[in-house]
Amino acid sequence: MRGLDDGEVDGARTHGGPGPGTDSGTGVPAGGAGGARGAVARAVGSKAAGVTAMAGLAALGLFMAACSTGGTGSRDEGAARADAPAAAPTPPAAASDSGSGSAKEAQRVDPIALLKGDPKIGARMKADLKPCAADAYPVDTSYGNLTNGSAPDVVVNVMTCGDAVGIGTYVYRGKSGGGADGYENVFMAEDAAVYGTIDRGDLIVTKQVYAEGDPVAYPSGEDVITYRWSGNRFTQHDWVHNDYSRAVGEGDGTGEMPQPTPSPSAAG
């Protein structure tokens, strides 16, 4: 209090002590040790407040960084950059091997060995099966799914060497045993101008129809027969007949050429 302070100052003056600015013999500021401790406390308090403020700023920066990259999974920093790399697409699942539309590995077979080892083919057809040049046989081979077997079915078409006209179509189905005798004949058509193909699980057999006098290159029409596998054999599912134009092949220059008429001067 003010009265106590004035008394202490007056006492100091009465005893001839140092001036009001310092304490006797110590140089401690007026007010004694309590005043010195107050000054030190104020200095420490100011420094601690500065350290606390710096720590708070650092914690705030870490919090903002954490919010921008993680947490709920939503983006806190705004819209994605236009040049950000897009996520890689998920590859489609592999197709199952079950079902009629599944892809199967086409294991190549020797069509000539199949034909010559087939007991259902007659001896005459086997004798006519000869290479056209060197070891090139007039045989087309197709692989596909016709009978829903464990292996691809094989369609073999035999043709003539000269004009490539079909003379036989055969379908072989894989047996569970495999090996050299791993196929069985489940369809055959030995007709003139016949050819078999695979179309989305169906066997399509085309037969050219010739009228009397038709050249080989110009038949009068065709029959297109669709077969489907039912149980353990093929059954006819559809039939289409097409008539070709009779004008095709006309005026091919095979007729008699007109003879030039001699001029009167030449005749005289």
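**Salt bridges, sheet and cores in a predicted model**

Q: Which residue does the side chain of Asp191 join in a polar contact of 3.0 Å?
A: In this predicted model, the side chain of Asp191 takes part in a polar contact of 3.0 Å. Asp191 itself lies in the loop between strand E4 and strand E5 (194-199). The partner in the polar contact is Lys207.

Q: How many residues apart in sequence are the parts that the pair Asp191 and Lys207 ties together?
A: The side chains of Asp191 and Lys207 meet in a salt bridge, with an N to O distance of 3.0 Å. Asp191 belongs to the loop between E4 and E5, whereas Lys207 belongs to strand E6 (residues 202-209), so the parts tied together by this pair are apart in sequence by 16 residues.

Q: Is Asp191 buried, partly exposed or exposed?
A: Buried means under 20% relative accessible area and exposed means over 50%, with partly exposed in between. The relative accessibility of Asp191 is 31%, and therefore Asp191 counts as partly exposed.

Q: What distance separates the C-alpha atoms of Asp191 and Gly168?
A: Leaving aside neighbours within four places in sequence, Asp191 is in contact with several residues, among them Gly166, Ile167 and Gly168. Asp191 and Gly168 are 23 residues apart along the chain, and their C-alpha atoms are separated by 6.1 Å.

Q: Which residue does Arg228 meet in a salt bridge, and is that residue buried or exposed?
A: A search of the whole structure finds three salt bridges, and in one of them the closest N and O atoms of Arg228 and Asp202 are 3.0 Å apart. Arg228 lies in strand E7 (residues 221-230) and Asp202 in strand E6, so this pair ties together parts that are 26 residues apart in sequence. Arg228, at 37% relative accessibility, counts as partly exposed. The partner, at 13% relative accessibility, is Asp202, which counts as buried.

Q: What is the relative accessible area of Arg200?
A: Arg200 forms a salt bridge with Asp199, the closest N and O atoms being 3.1 Å apart. Asp199 is partly exposed, with a relative accessible area of 32%. Arg200, by contrast, is exposed, and its relative accessible area is 78%.

Q: Which strands are the edge strands of the open sheet of four strands?
A: The order in this open sheet is E1-E2-E3-E4, with antiparallel pairing. An edge strand pairs on one side only, and this holds for strand E1 (139-144) and strand E4 (183-189). From one strand to the next, the twist averages 20°. The edge strands are thus E1 and E4.

Q: Which residue in E4 stands opposite Arg173?
A: Strand E3 (residues 166-174) and E4 pair in the antiparallel sense over six bridges. Within E4, the residue standing opposite Arg173 is Glu184.

Q: Which helix supplies at least two residues of the largest nonpolar core?
A: The largest nonpolar core has 14 residues, and those with the most contacts inside it are Leu115, Val139, Tyr170 and Tyr172. Leu115 is in contact with residues including Val139, Val156, Tyr170 and Tyr172, once its neighbours within four places in sequence are left aside. At least two residues of this core come from each of strand E2 (153-159), strand E3 and helix H3 (111-116).

Q: How many residues does the other core have?
A: Apart from the largest nonpolar core lies another core, which includes Phe187, Ala189, Trp229 and Phe234. The number of residues in this other core is twelve.

Key. Residues numbered from 1 in each chain as written. Predicted model: local features only at pLDDT ≥ 70, side-chain atom pairs only at ≥ 80, totals over all residues. Heavy atoms only, no water. Pairing = 2+ DSSP bridges. Axes fitted to C-alpha atoms, helices over the stretch in contact; angles between N-to-C directions. Contact = heavy atoms within 4.5 Å. Polar contact = N/O pair within 3.5 Å; in protein donor to acceptor, adjacent residues only side chain to side chain. Core = buried A, V, L, I, M, F, W, Y, C linked by side-chain atoms within 4.5 Å. Buried < 20%, exposed > 50% of the residue type's maximum accessible area, 1.4 Å probe, protein only. Salt bridge = Lys/Arg side-chain N within 4 Å of Asp/Glu carboxyl O.
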